[in-house]
Amino acid sequence: MKKTDYRNAFFDEMFEQAKKSKDLIFLTGDISAHSLPKFQKKFPTRFYNLGVAEQNMITVATGLAMNKKKVFVFSMIPFLTMRCFEHIKIDICSHNLPVVLIGIGSGLSYDTDGHSAQAIFDIGVMRMLPEMEIYNPSDSISTKNICKIVSESKKPAYIRLDKSQQLPLYKEGETFNSDFKVFKNKGKDCIISTGIMTHTSLKVKDELKRLNFRIDVIDLIKIKPLKENIFINLLKKYKKIFVIDESTFSGGISSVISEITAKNNFKKQINFCCLKNTQDVGFYGNRDWLHKRNKLDKKSLVRNISRILKKKS
């Protein structure tokens with residue numbers, strides 16, 4: 001197995017979908033990927049670079065979608081979501097148009113670029129839009145399958161792509177009809193994670209196993225809407241629950257899990273391992289350093305989770 005770039009996995013599949021549908025249009029805000037030039041060469045009348053004008057790009061996408069086109073829009077997450085929020089809300093979501101927003105740089109992907117380029121609030125922002133579906137793939141296989149799903153959907157969708165390259169977690173042919181996947185380890189406890197942090201969570205799981213703690217990992221692939229009844233019934237099987245997330249508490253899946261469990265009168269305690277609700281302005285470093293600073297590295301997570309697991313319920 002080799003590491004694969006999330007962008008290439010998505011755009012390779014988008015290329016295949018474009019072969020099937022002449023209505024698929026791609027817009028980019030002056031950002032590219034290795035797998036995009038072949039799309040541009042094969043479908044020159046369906047590829048448009050609209051420059052660093054993301055709000056205008058959303059309006060163009062709206063017009064195309066209103067004329068029966070399936071539109072894919074690509075840019076860095078902060079500029080695609082927060083800068084364009086009102087345009088997405090009014091133009092795309094209020095008309096429930098099938099526009100796919102592809103954001104690159106989930107979490108701390110753009111590590112050394114600082115807080116203005118990092119995406120640690122975007123889930124919280126985008127999930128406020130009632131019509132918007134949110135996906136966060138954890139590897140190239142789930143990324144490819146999500147592209148297939150949104151290509152056939154008639155709803156607005158937002159996909160968070162990590163900027164890193166990772167080994168696949170799933171096998172070719174895996175189906176992703178449910179909102180999540182469970183990596184079972186005969187555990188009485190579980191970790192809930194999403195995207196890049198699912199890889200970290202699986203390493204934590206293996207390390208905890210060596211310490212005689214068995215814990216399952218739930219990979220949250222579709223963040224919104226989440227099949228709440230199925231999800232809550234799954235959580236009822238576990239004694240202690242941990243959420244590992246590379247977002248702030250209010251800006252990521254921590255608040256999603258909190259709301260769902262509160263609404264469903266779920267009584268068990270949930271332990272959150274996420275970023276603090278701060279922009280951390282002035283601190284620059286690579287992703288590993290930022291993880292250690294926020295106790296999201298494997299060593300810190302194993303230490304903190306094992307300490308809680310040792311306590312009697």
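In the predicted model, P225 lies in the loop that runs between strand β12 (222–224) and helix α9 (228–235). The peptide bond that leads from K224 into P225 is cis, its omega being near -10 degrees.

Other loops of the chain contain residues with backbone angles that call for comment. In the loop between α8 (196–210) and β11 (215–220) is found N212, a residue other than glycine whose phi nevertheless takes a positive value, near 70 degrees. Because its relative accessible area is 71%, over the 50% limit, N212 is classed as exposed. The loop between α5 (85–93) and β5 (99–104) holds N96, which is likewise not a glycine and has a positive phi of about 50 degrees. With a relative accessibility of 37%, which falls between the limits of 20% and 50%, N96 therefore counts as partly exposed. A further positive phi, of about 55 degrees, is taken by N265, which is placed just after α10. Helix α10 itself comprises residues 253–263, and its buried residues are I253, S254, S255, V256, I257, I260 and T261.

With regard to the overall fold, the chain contains 12 helices and 14 strands. The C-alpha trace spans about 60 × 40 × 40 Å along its principal axes. For 313 residues a compact globule would be expected to have a radius of gyration near 20 Å, and the value of 19 Å found for the chain agrees with this. Of the contacts in the chain with a separation of 6 or more, 78% are accounted for by residues 24 or more positions apart. Buried residues make up 58% of the 313 residues, while the area exposed by the chain is about 14400 Å², of which carbon and sulfur atoms supply 50%. As to charge, there are 54 positive and 32 negative side chains, and the centres of these two sets lie 7 Å apart.

In soluble globular proteins, nonpolar side chains tend to be buried together. In the present model, the largest nonpolar core consists of 56 residues, among which M14 and F26 touch the most other members. Helix α1 (residues 6–20) contributes the largest share of this core, namely six residues. When neighbours within four places in sequence are left aside, M14 is in contact with L24, F26, L36, F39, F72 and C147. A second core, separate from that one, is made up of 45 residues and includes I123, V125, F180 and I218.

The surroundings of A61 may be described in similar terms. This residue lies in helix α3 (residues 54–66), and A61 counts as buried because its relative accessibility is 0%, which is under the 20% limit. If residues up to four places away in sequence are not counted, A61 touches L27, V71, V73 and V99. Between the C-alpha atoms of A61 and F72, which are 11 residues apart along the chain, the separation is 7.9 Å; F72 is also one of the residues in contact with M14.

Note on methods: Residues are numbered from 1 along each chain as its sequence is written. This is a predicted model: local features need pLDDT of at least 70, side-chain atom pairs count only at pLDDT 80 or more; totals for chains, interfaces and linings use all residues. Side-chain values use heavy atoms; hydrogens and water are left out. Helices (H or I, at least four residues) and strands (E, at least two) are DSSP runs, numbered from the N terminus. The radius of gyration is taken over C-alpha atoms; the globule rule is 2.2 Å times the number of residues to the power 0.38. Buried means under 20% relative accessible area, exposed over 50%, partly exposed in between (1.4 Å probe, protein chains only). Contact means heavy atoms within 4.5 Å. Accessible areas come from the Shrake-Rupley method with a 1.4 Å probe; for residues, only the protein chains shown count as cover. Lys and Arg count as positive and Asp and Glu as negative; His and the chain ends are not counted. The place of a charge is taken as NZ of Lys, CZ of Arg, CG of Asp or CD of Glu. A nonpolar core is a set of buried Ala, Val, Leu, Ile, Met, Phe, Trp, Tyr and Cys residues joined through side-chain atoms within 4.5 Å.
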